[in-house]
Amino acid sequence: MTRPHRTSNEPAPALRSELETLRGFIIGMFVAGALIPALTLALEPASPARTIGFVTVAVLMAASAVVVWAVRPPRQRLFEAMAAWATLLIGANIALMPAVGIMPVYLLWPVVLVAYFSTRRMVVVSYLWTMLVLVVAVALNPPDFGYSDVLIGMGATLAIMAGIVNVVTRRHQSLRDELQIAATTDPLTGLLNRRAFLPWLAEAVGSAREQEEPLCVVMLDLDHFKSINDKLGHFGGDRVLVAVADALRQQSRADDVLCRFGGEEFAVGLPGASVVEAKAYATRVAAGLAVAGEDEGCVLTTSVGIAALAVDSSVDDLLRSADDALYAAKRAGRNRAAVWDSEARVEPVFDVPS
């Protein structure tokens with residue numbers, strides 16, 4: 001089984017949210033970058049050549065802010081390129097300033113942004129690019145307090161800040177990943193929990209309709225699980241649930257999504273599968289459970305409800321139909337698979353293991 005995956009080229013919601021945040025920071029960086037040369041001209045009259053240079057930088061900064069704002073949906077590669085472009089424009093500002101002053105400090109802006117949102121490789125590339133821009137800028141406009149002092153001081157500062165931000169970001173991301181797994185995964189079986197399965201199913205329904213492909217949901221409930229618990233104890237019952245999860249994994253395709261729906265009840269999403277294929281899947285799972293039961297010293301059977309996505313059915317309708325079929329299978333004597341239709345027709349798909 002694989003994790004739920006997105007069926008389009010759109011970034012995932014969490015990534016999209018981060019990219020929107022990145023967009024805001026980059027726009028702010030360009031707006032501030034446009035104001036710096038404008039304020040410099042207002043406060044310190046410059047030669048015609050410098051004036052043209054400052055105006056050009058200010059216009060390019062403002063235009064870049066508009067470009068970043070206009071591009072939708074947000075794209076990380078574009079933002080990384082715009083950070084490199086911002087570095088070049090800041091370098092131009094350094095070269096144009098009457099005195100270098102603290103202008104090299106502004107190079108921290110794009111470097112820190114890349115360090116937070118990009119890979120280590122991109123951080124290294126960004127750092128090297130920034131140092132190249134700085135070397136050229138201060139060569140064109142040598143500072144009064146020493147060429148080497150600026151390069152050494154800014155080089156060390158940029159490296160330390162980029163390293164700290166990137167390390168902290170990676171630790172933060174690791175914690176987020178652990179929390180995401182804890183929030184969406186059943187701790188006993190390792191399958192998805194209901195909280196994660198329902199959003200996946202909603203997306204799968206939309207994708208199936210858009211691509212005009214079939215989609216089936218299979219609900220499984222272990223028969224007489226209380227008696228299994230009474231016989232094996234709760235730890236033995238937990239082993240049985242883990243064995244059920246393993247049996248489901250063994251019979252599932254890469255795109256199938258498995259969920260422990262609650263207690264001894266499981267749900268499986270079968271994208272692209274017809275009812276015939278879902279019935280075959282239920283049969284294979286039943287055979288796997290029979291083998292698992294022998295290993296655990298008990299008889300493992302399951303009642304199964306199968307429902308296919310209808311033209312006008314919602315996610316709730318699909319789940320309710322599978323659940324109705326499941327209880328129809330129980331009423332028919334258990335160890336059966338019921339296929340939902342308007343009358344919840346019950347079809348015995350597999351026999352009780354001997």
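## Strands E1, E4 and E5

In this predicted model, strand E4 (residues 302-308) and strand E5 (residues 337-339) pair in the parallel sense, and three bridges join them. Within this pairing, Ile-306 stands opposite Val-339 in E5.

Strand E4 also pairs with E1, here in the antiparallel sense and over seven bridges, and in this case Val-218 is the residue that stands opposite Ile-306 in E4. Strand E4 is mostly covered, since six of its seven residues are buried.

## Two nonpolar cores

The largest nonpolar core of the model has 43 residues, and those with the most contacts inside it are Ile-26, Phe-30, Ile-94 and Leu-134. Two or more residues of this core come from each of the helices H1 (13-43), H2 (48-70), H3 (76-96), H4 (108-117), H5 (120-140) and H6 (147-184). If neighbours within four places in sequence are left aside, Ile-26 is in contact with Val-68, Phe-79 and Leu-113.

Apart from the largest core lies another core, which has 31 residues, among them Leu-241, Val-268, Ala-282 and Ile-306. Ile-306 has already been mentioned as the residue of E4 that Val-218 stands opposite.

## A nonpolar patch on the surface

On the surface, Leu-88, Trp-129, Leu-132, Val-136 and Leu-140 form a nonpolar patch, and together these residues have about 470 Å² of accessible area. Helix H5 gives the largest share of the patch, with four residues.

One of the patch residues, Leu-140, lies in helix H5. Leu-140 counts as exposed because its relative accessible area is 64%, where the cut-off for exposed is over 50%.

## Backbone features in the loops

Most residues other than glycine have a negative phi, and most peptide bonds are trans. Against this background, a few places in the loops deserve a look. The peptide bond from Arg-72 to Pro-73 is cis, with omega near 0°, and Pro-73 lies in the loop between H2 and H3.

Glu-212, a residue other than glycine, has a positive phi, near 55°, and is found in the loop between helix H7 (194-211) and strand E1 (215-222). With a relative accessible area of 73%, Glu-212 is exposed. His-224 likewise is a residue other than glycine with a positive phi, near 55°, and its place is the loop between E1 and helix H8 (225-251).

Methods
Residues are numbered from 1 along each chain as its sequence is written. This is a predicted model: local features need pLDDT of at least 70, side-chain atom pairs count only at pLDDT 80 or more; totals for chains, interfaces and linings use all residues. Side-chain values use heavy atoms; hydrogens and water are left out. A nonpolar core is a set of buried Ala, Val, Leu, Ile, Met, Phe, Trp, Tyr and Cys residues joined through side-chain atoms within 4.5 Å. Buried means under 20% relative accessible area, exposed over 50%, partly exposed in between (1.4 Å probe, protein chains only). Contact means heavy atoms within 4.5 Å. Patches are made of residues with over 30% relative accessible area and no salt bridge: like charges are joined within 9 Å, nonpolar side chains (Val, Leu, Ile, Met, Phe, Trp, Tyr) within 5 Å. Accessible areas come from the Shrake-Rupley method with a 1.4 Å probe; for residues, only the protein chains shown count as cover. A salt bridge is a side-chain nitrogen of Lys or Arg within 4 Å of a carboxyl oxygen of Asp or Glu. Two strands pair if DSSP finds at least two bridges between them.
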